[in-house]
Amino acid sequence: MRRRKTIHLRDALSLLTDRQPHRLRAWKMSTGDILTLDGWQLVGQWTRHAALRFYSPESGEIRMIRARMIFEVDGMRIYW
């Protein structure tokens, strides 16, 4: 079976809710820099602004990212 190369945003969000570590790539809102988050877990979400909270088990850092800023999950490109 071939691995998918693209995934819809809705499917990517449901994939992230399994509480397992994932590899994410997202744009930083303030500067447009690309963030690469390896091994981060989704710990919560705020639906009003579509904001997701991710936790790094290695450093203990929690980072909030808007769903629209994520463009890749586990090597799969996200489309809307």
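# Questions on a predicted model: the sheet and the β4-β5 loop

Q: Between which strands does the loop that holds S56 lie?
A: In this predicted model, S56 belongs to a loop and not to a strand run, since β4 covers residues 51-55 and β5 covers residues 62-66. The loop that holds S56 therefore joins two strands that also pair with each other in the antiparallel sense over 5 bridges. The strands asked for are β4 and β5.

Q: Is S56 buried or exposed?
A: The relative accessible area of S56 is 6%. Buried means under 20% relative accessible area, and because 6% falls under that cut-off, S56 counts as buried.

Q: Which residues does S56 touch, not counting residues up to four places away in sequence?
A: Contact here means heavy atoms within 4.5 Å. With residues up to four places away in sequence set aside, the residues that S56 touches are W40 and E61.

Q: With the side chain of which residue does the side chain of S56 make a polar contact?
A: A polar contact requires a pair of N or O atoms within 3.5 Å, and the contact made by the side chain of S56 is listed at 3.3 Å. The partner is placed, like S56, in the loop between β4 and β5. That partner is S59.

Q: Is S59 buried or exposed?
A: S59 has a relative accessible area of 53%, and the cut-off for exposed is over 50%. Because 53% passes that cut-off, whereas the 6% of its contact partner S56 counts as buried, S59 is exposed.

Q: How far from a polar atom of the side chain of S59 does the backbone nitrogen of E61 lie?
A: The side chain of S59 makes a polar contact with the side chain of S56, and a polar atom of the S59 side chain also has the backbone nitrogen of E61 as a partner. The distance from that polar atom to the backbone nitrogen of E61 is 3.3 Å.

Q: Which residue in the turn of the β4 and β5 hairpin has a positive phi?
A: β4 and β5 form a hairpin with 6 residues between them, and within the paired strands L52 stands opposite I65 in β5. In the turn, the phi value in question is about 80°, and the residue is G60.

Q: In which order do the 7 strands form the open sheet?
A: The pairing in the open sheet is mixed, and the edge strands, each of which pairs on one side only, are β1 (6-8) and β5. Strand β3 (residues 34-46) is joined to β4 by 5 bridges in the antiparallel sense, with Q41 having Y55 in β4 as its bridge partner. The order is β1-β7-β6-β2-β3-β4-β5.

Q: What angle does the direction of helix α1 make with that of β1?
A: Helix α1 (residues 9-16) packs on the sheet, where it touches β1, β2 (22-27), β3, β4, β6 (70-73) and β7 (76-79). The angle between the direction of helix α1 and that of β1 is about 90°.

Q: What positive phi does D74 have, although it is not a glycine?
A: D74 is found in the loop between β6 and β7, and its relative accessible area of 23% makes it partly exposed. The positive phi of D74 is about 50°.

Q: Over the ring of which residue does the charged end of R68 sit?
A: A charge counts as sitting over a ring if it is within 6 Å of the ring centre and within 35 degrees of the ring normal. The charged end of R68 lies 4.8 Å from the centre of the ring, which belongs to W80.

How values were computed: Residues are numbered from 1 along each chain as its sequence is written. This is a predicted model: local features need pLDDT of at least 70, side-chain atom pairs count only at pLDDT 80 or more; totals for chains, interfaces and linings use all residues. Side-chain values use heavy atoms; hydrogens and water are left out. Helices (H or I, at least four residues) and strands (E, at least two) are DSSP runs, numbered from the N terminus. Buried means under 20% relative accessible area, exposed over 50%, partly exposed in between (1.4 Å probe, protein chains only). A polar contact is a pair of N or O atoms within 3.5 Å; within protein, one must be able to donate a hydrogen and the other to accept it, and residues adjacent in sequence count only if both atoms are side-chain atoms. Two strands pair if DSSP finds at least two bridges between them. Axes are lines fitted to C-alpha atoms, for helices over the stretch in contact, and angles run from 0 to 180 degrees between N-to-C directions.
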